[in-house]
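Me: I am new to this model and would like a close look at a single part of it. Please take one pocket and follow it outward.

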Amino acid sequence: MAGKIRLEDRECPLSSALGHVGEWWTLLILHDAFDGYTRFDQFQANLGVSSSILTSRLKTLTGQGLLERRRYQTRPDRYEYVLTDLGRSLRPVVVALAAWGNSRLDPSERSMILVDRTTGVEADPVIVDRNTGRPLDDADFVFAAGPAASETMRKRYEHIPTRAAAHRP
């Protein structure tokens, strides 16, 4: 998918992220992996995706380091696909997308909800600023040019003042 990114968007983190997970099946495969699916036949049965598309997406996801391919059987060789740390780091993104999808529905129309595993109580996910705890959907938060921004990116955001944030581990 990286070839589909416009030249002027190559430095945009959103374009870069979409280059990794911007295909329909990719996010659904990751969602299944978050639910504990690891095997080709599990993904295929749950998603109803063709073998060729699933093979292609799993190859891409392993190539990008989001999944790791591990042999679990020999004669014949069989592999499972396990989330890497990088892959697991996408879980909040998938949770946020699902929450956004559910926010447009009446609660009685939601076919999947996020709940606390222990209590079963439905969660209401929000994305917040780690420094202040404020929700990031507030209009007070805007994009700005970062330290590695090109001249084009700096021009786009020249009206936004920035102050360097402390480096986070």
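Which element gives the largest share of the lining of the second largest pocket, and how many residues does it give?

Reply: The largest share comes from α6, with five residues. This is a predicted model, in which local features need pLDDT of at least 70, side-chain atom pairs count only at pLDDT 80 or more, and totals for chains, interfaces and linings use all residues. Residues are numbered from 1 along each chain as its sequence is written, and side-chain values use heavy atoms, without hydrogens and water.

The second largest pocket (an open set of points on a 1 Å grid over the protein atoms alone where a 1.4 Å probe fits, with protein on both sides within 12 Å along at least five of seven lines; lining residues have an atom within 4 Å of a point) has a volume of about 400 Å³ (the space filled by probe spheres set on the points). Of its 15 lining residues, Leu28, Val94, Leu97, Ala98 and Met112 are the closest to the centre. Two elements give two or more residues to this lining: α2 (24–34) and α6 (91–103), both helices (DSSP runs of H or I, at least four residues). By class, the lining has eight nonpolar, five polar and two charged residues.

From the pocket, α2 leads on to helix α3 (residues 40–47): the axes of α2 and α3 (lines fitted to C-alpha atoms over the stretch in contact) come within 11 Å and cross at roughly 115°, an angle taken between N-to-C directions, from 0 to 180 degrees. On the α2 side, Trp25, Leu28, Ile29, Asp32 and Ala33 take part in the contact (heavy atoms within 4.5 Å), and they meet Phe43, Asn46 and Leu47 of α3. This contact has six nonpolar residues, one polar and one charged. Leu28 thus appears twice, among the residues closest to the pocket centre and among those of α2 that meet α3.

Note on methods
Nonpolar A, V, L, I, M, F, W, Y, C, P; charged D, E, K, R; others polar.
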